[in-house]
Amino acid sequence: MCGIVGYIGKKQAAPIILDGLAKLEYRGYDSAGMAIFDGESIKMMKSAGRLQALVDLSHGGDLLPGTAGIGHTRWATHGKPSDLNAHPHFNTRGTISIVHNGIIENYQALKLMLEAKGYVFQSETDTEVVAQLLDFYYRGNPMEAVTKVMHRVEGSYALGIMFSDHPDEIYAVRKSSPLIVGQSEEGCFIASDVPAILKYTRTVFYTDDQEIVKLTADGIEFFTVDEEKIEKEAVTIEWDANAAEKGGYEHFLLKEIYEQPETVDKTLSPRLKDGRIVIEELGLTDEEIKALRKIYIVACGSAYHVGITSKYIIEEMARIPVEVDVASEFRYRNPILMEGDLVIVISQSGETADTLEGLRISKRLGCKVLGIVNVVGSSIAREADNVMYTWAGPEISVATTKAYSAQLINMYLLAIKLATVRGAISDAKAAAFIKELNKLPEQIELLMGCKERMQKFANRYVGAQDIYFIGRGIDYAISLEGSLKLKELSYVHSEAYPAGELKHGPISLIDKGTLVVAVLTQEELYQKTISNIVEVKSRGAFVMAVTTVGNEEIEKVADYVVYIPQTDKFFTDSLAIVPLQFFSYYVAVGKGCDVDKPRNLAKSVTVE
Ligand code: F6R
């Protein structure tokens, strides 16, 4: 979703802002703009389309000189993508400039109120209302106007604000939208995410909801909405700026697929001590684990698919009932949560609005919330009772790969831990699981070798209209993720079905030559899925099977087979997903799609 970058300091602001916005491109956007204070007034340039259009328009920032400015990449919500709707937005007099990430829910009522007072609006955005409202309240004191606006607006916002009569200051506030603040000897920064400023500083402050930040060239001050000063501790970002660069790969997505062995190892290793699973951050006593009545898993998209895999594993391994919900459904379905139930929210970004709201509802109902989160210091990480981080590092490509793999690892560890404490499995069984887990990084590495084969196979399906994925149990969860990867990256229509469900309707879609990807990694379900393969084959389907080494007789029924190494049945998702990621990637590349930034998608979905 929208990206914000702001800078005030000793250097020229525009090139820093353009560079920062480029680092936030992964969030998804459809227009870009920036406003720079040039010593006399605030000058602005903006353009629909790619960031490059703004780079060209401003001659790389040269046409906007000045050492203080704010910039934005917009992902349209209110009003189409256009030059006019792009941010920054101004008050009518052009003296207050803002950039905004989020949605002002009561903007229509505020707009009517302001129009009645003579304010004239230029754009269709909710954001412009904030600029005009700031003007309405402004009497020369920025803090006063900002706090008054915060009391009036409803919804979510991260805002960067400049007042032309306070040229040495930038203000920023946030509520339910991400905003970080950085400091270096050369100046101070605001940004939606760390990669935007990592080239300039590793010293970062995470802002909390309803806090106000005042930046000058020399320092940063934090205030509550009641204008009381707050002391904040800086955090030093450990990861390297290179982690957010392509490093010679054609796309971030490909790089991130290749990073999976390392990601899995990094997520796994710190929680294995002397052959046992130690999850220090779990925050549950053995008594609490034994008393668990139910687990709810709440997430969106791929993280939701991790939830489905986890349900199969936790229920079978630990014998605890698990409900998995898409967060946007969970938040409105009045779930029957009881004190003592555990809610697990899974999120790469830690900012997904629906997941965050699911967390808040669960806490209000008295449940403990465990976050499985990748972005350190994100909203979900800060609001969950406990956080098990996935150590995937920055994931830049909009479609997730390595964070998904890391989430799986955390859920495996959790399942084994719960099962052991509850006596559902023996220590010897737990040790056997750990042994298998330890092999995963190497096995995933081995699967990198299937890249060329998947590329060749994918090339045949560049023109495909529909591709179906089928599987049973965990294989169904893998199918869901394989299908999502394909549709979001390549825009090929795709569905995933539980294999046994085909004959209840979807099989009528199978025609001569339709590609069906069948996933068969679960031994006890293997023959059942074979029967389903036979059913679709006899309707003309072409079948690619993904199965475990040793299942060679599948070649009698499937047209094309991809083998994964042997592992425990609970952990096959980590392996089977790799060829499916390559497949989706190469169909997308073959079609010339924008792999790292698929159309209409955003990396961090901060609106519901
Ligand atoms: C798919 C994908 C999305 C995310 C979903 C949740 O490749 O990336 O489906 O999984 O938007 O995002 P997070 O994990 O940030 O909550």
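The following conversation concerns a predicted model of a protein with a bound ligand.

Q: Let us start with the ligand: how many residues surround it, and which are the closest?
A: The ligand is surrounded by 14 residues. The closest are Ser 347, Gln 348, Ser 349, Thr 352 and Glu 488.

Q: How does that shell divide into nonpolar, polar and charged residues?
A: Seven residues of the shell around the ligand are polar, five are nonpolar and two are charged.

Q: And which polar side-chain atom lies 2.4 Å from an oxygen atom of the ligand?
A: That atom belongs to the side chain of Thr 352. In addition, an N or O atom in the side chain of Lys 485 is 2.9 Å from an oxygen atom of the ligand. A polar backbone atom of Val 398 is 3.4 Å from a ligand oxygen atom.

Q: How much of the ligand does the protein bury?
A: The protein buries 89% of the 410 Å² that the ligand exposes when taken alone.

Q: Which domains does the shell draw on?
A: Domain 2 (241–425) and domain 3 (447–593) each contribute at least three residues to the shell around the ligand.

Q: Which helices each supply at least two residues of it?
A: Helix 9 (301–318) and helix 16 do so.

Q: Staying with helix 16, where is Ser 479 found?
A: Ser 479 is found in helix 16, which covers residues 474–490.

Q: Is Ser 479 buried or exposed?
A: Ser 479 counts as buried because its relative accessibility is 0%, and the limit for burial is under 20%.

Q: What is Ser 479 in contact with, leaving aside its neighbours within four places in sequence?
A: With those neighbours left aside, Ser 479 is in contact with Phe 469, Ile 470, Gly 471, Ala 496 and Val 519.

Q: Changing topic to helix 5, which of its residues are buried?
A: In helix 5 (residues 142–152), the buried residues are Pro 142, Met 143, Ala 145, Val 146, Thr 147, Val 149 and Met 150.

Q: What covers them?
A: The cover over the buried residues of helix 5 includes helix 4 (127–137) and strand 7, together with strand 8 (170–175), strand 12 (211–215) and strand 13 (220–223).

Q: What happens at the start of helix 5?
A: There, a side-chain oxygen of Asn 141 comes within 3.1 Å of the backbone nitrogen of Met 143.

Q: Strand 7 was mentioned; what about Ser 156?
A: Ser 156 is placed in strand 7 (residues 155–163). Ser 156 counts as buried because its relative accessibility is 10%. Not counting residues up to four places away in sequence, Ser 156 touches several residues, among them His 100, Asn 101, Lys 175, Thr 606 and Val 607.

Q: Now a loop residue: where is Asp 38?
A: Asp 38 is in the loop between strand 2 (31–37) and strand 3 (42–48). At 32% relative accessibility, Asp 38 counts as partly exposed.

Q: What joins the side chains of Asp 38 and Lys 43?
A: A polar contact of 2.5 Å joins them. Asp 38 also touches Pro 65 and Gly 66. The C-alpha atoms of Asp 38 and Leu 64 are 7.2 Å apart in space, and the two residues are 26 apart in sequence.

Q: Lastly, Ile 16: which helix does it lie in, and what does it touch?
A: Ile 16 lies in helix 1 (residues 13–23). Ile 16 counts as buried, at 6% relative accessibility. Not counting residues up to four places away in sequence, Ile 16 touches Tyr 7, Lys 11, Phe 189 and Tyr 200.

Definitions and conventions
Residues numbered from 1 in each chain as written. Predicted model: local features only at pLDDT ≥ 70, side-chain atom pairs only at ≥ 80, totals over all residues. Heavy atoms only, no water. Helix = DSSP H or I, 4+ residues; strand = E, 2+ residues; numbered from the N terminus. Buried < 20%, exposed > 50% of the residue type's maximum accessible area, 1.4 Å probe, protein only. Contact = heavy atoms within 4.5 Å. Near = heavy atom within 4 Å. Polar contact = N/O pair within 3.5 Å; in protein donor to acceptor, adjacent residues only side chain to side chain. Areas by Shrake-Rupley, 256 points an atom, 1.4 Å probe, with all protein chains shown as cover. Nonpolar A, V, L, I, M, F, W, Y, C, P; charged D, E, K, R; others polar. Domains from an automatic or database assignment.
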